[in-house]
Amino acid sequence: MSDNSLDPAPYTRRVATLPPGVPPGPGANAHLHSPVVPRHPRLDPLADRYAARTHGMKTSEIRALFSVVSRPEVVSLAGGMPAVTALPLDAVGSMIGDLVSGMGAQTLQYGSGQGDPRLRERICDVMALEGITDASPSEVVVTVGSQQGLDLVTRVFCDPGDVVLAEGPSYVGALGVFQSSEARVRHVPMDDDGLIPEALEQALLECRANGDRVKFLYTVPNYHNPAGVTLSEPRREQIMAIADRYDLLIVEDNPYGLLGFDREPMRALRARNSQRVVYLGSFSKTFSPGLRVGWVLAPLAVREKLVLATEAQVLCPPSLTQYAVARYLDTQPWREQIKLFTELYRERRDACLESLEAMMPAGTTWTRPEGGFYVWLKLPHGLDSKLMQPRAVNAHVAYVPGIGFYADGGGREYMRLSYCYPEPDQIREGVRRLARVIEAELDLHSTFDSVDTGTFRAVPRAVPNHTAENLVGPANSDHFEDGRA
Ligand SMILES: Cc1ncc(COP(=O)(O)O)c(C=O)c1O
């Protein structure tokens, strides 16, 4: 029976009797004549009409936290929001004002589906910082953030049932896109050096044996969201060699590549092969996420399809924000601004790592990011970050439970901590609260360990069997354990 195949009773029961304690009297029966009030007001009368692809859609673990983390008493280590107040806000404000008053005829008008040509040129300059020196503006499509780029690429390549290989864990917004295209995600494990090439090859062999159509590998090589790790140089070469051997397309998602703390940007995968890699870039972390400007760099044939897909979706990206980014790159010291951002994030990363080191109970481990926004923390054996979450919120600290970053329900023993937004003192306080919550959880765990409540036991995760029905990839859990606190 479907959700909304209704027996009328639920709609009528409430009107037949007075609520307990309501005395009969004038007006007491008014409710009997008022419109029928559904007993289940959230029952959705359109439930049978939704497309199949909507059934698996769920609120992201991050969005689910929004109402909580905005409370002032809560230290949020949850959201990955850039520190935009470090921008020269007055200069940006007058720059945008000038764009409207001086160039309104263009900046307030529709534009090209592919994006403003001047901005596409400047995007090529930005990509050159990561070794992509052969990109032509004609291969660039401007998008509404790289999130739209991900959506376009997935629409262009994936039919329902196709397989996308993705790191385990993976960026939650990418998992949402794959899922809404009804692609199946198979995770490939990572360790401190990023995606493990041998595991990638293994996954490809198994998919081949299963007859699965692998459409691409989705990877975030730099300062991974959520794992905080970076793909090492030797592995970049290994992965490109595997891609050649297996005729694998790679979608390289790189919003954090210029946010390294102590080193020059690493050479992009796209710089090594222009035909096998579709590259996604963004100004969200280096300038402003509110402007929603990102891009895709793709071989010309793919670019053509991406432009058709974007025209169907949004006609064209917003003109004003494209002009704003191009003008910012033309007139503002944006390289210095990126340096300022990285110094600020490095200080916050240090505050986070130092306080984790000082306060976390034994058995807790975490990654040590060399750039970007995130630390990936593994709880002591048997704890579950999702079950622990309400107790953490009660203690006024928020994080994102690890399960949000897996398509297969894995990751319960992990959490993502973001250090990008709070001030260093808040980060220290947040980590202190979190350490207490974990200690309390450990106490409870040891108290209840012998009692079969099911609540405080480690939830044994099903070992994926890599069948067509269960294409979720090898369990990830043990790859981040070495050499940490
Ligand atoms: C790995 C990754 N890809 C893509 C995005 C989306 O960024 P944008 O704001 O450009 O849409 C994010 C945002 O956090 C991200 O972390």
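In which loop does glutamate 182 lie? In this predicted model, glutamate 182 is found in the loop between helix 7 and strand 4 (184-191).

**View 1. Glutamate 182 and its backbone angle, in the loop between helix 7 and strand 4.** Most residues other than glycine have a negative phi. The phi of glutamate 182, by contrast, is positive, with a value near 60 degrees. Because 16 other C-beta atoms lie within 10 Å, a number between the limits of 12 or fewer for exposed and 20 or more for buried, glutamate 182 is classed as partly exposed.

**View 2. Leucine 315, in the loop between helix 10 (300-314) and helix 11.** Although leucine 315 is not a glycine, its phi is positive, at about 65 degrees. Leucine 315 has 11 C-beta neighbours inside 10 Å and therefore counts as exposed, since the cut-off for that class is 12 or fewer.

**View 3. Two cis peptide bonds that lead into prolines.** Most peptide bonds are trans. The bond from glycine 168 to proline 169, however, is cis, with omega near 5 degrees, and proline 169 belongs to the loop between strand 3 (163-168) and helix 7 (172-180). Asparagine 225 and proline 226 are also joined by a cis peptide bond, for which omega is about 15 degrees, and proline 226 sits in the loop between strand 6 (214-219) and helix 9 (233-246).

**View 4. The crossing of helix 5 (residues 117-128) and helix 11 (residues 319-331).** The axes of helix 5 and helix 11 come within 9 Å of each other and cross at roughly 45 degrees, which means that helix 5 is oblique to helix 11. The crossing of these two helices is left-handed. On the side of helix 5 the contact is made by Arg118, Leu119 and Arg122, while helix 11 contributes Gln322, Val325, Ala326 and Leu329. Sorted by class, the residues of this contact comprise 4 nonpolar, 1 polar and 2 charged.

**View 5. The shell of residues around the ligand.** There are 14 residues around the ligand, and those that come nearest are Gly145, Ser146, Gln147, Ser282 and Ser284. Helix 6 (residues 145-157) gives the most to this shell, with 3 residues. The shell as a whole divides into 4 nonpolar, 9 polar and 1 charged residues.

Technical notes. Residues are numbered from 1 along each chain as its sequence is written. This is a predicted model: local features need pLDDT of at least 70, side-chain atom pairs count only at pLDDT 80 or more; totals for chains, interfaces and linings use all residues. Axes are lines fitted to C-alpha atoms, for helices over the stretch in contact, and angles run from 0 to 180 degrees between N-to-C directions. Helices (H or I, at least four residues) and strands (E, at least two) are DSSP runs, numbered from the N terminus. Angles under 35 degrees count as roughly parallel, over 145 as roughly antiparallel, 65 to 115 as roughly perpendicular and the rest as oblique. A crossing is left-handed if the near helix is turned anticlockwise from the far one by less than a right angle, and right-handed if clockwise. Two residues are in contact if their C-beta atoms, placed from the backbone, lie within 7 Å. Ala, Val, Leu, Ile, Met, Phe, Trp, Tyr, Cys and Pro count as nonpolar, Asp, Glu, Lys and Arg as charged, and the others, Gly among them, as polar. A residue is near a molecule or strand if its C-beta atom, placed from the backbone, lies within 6 Å of it.
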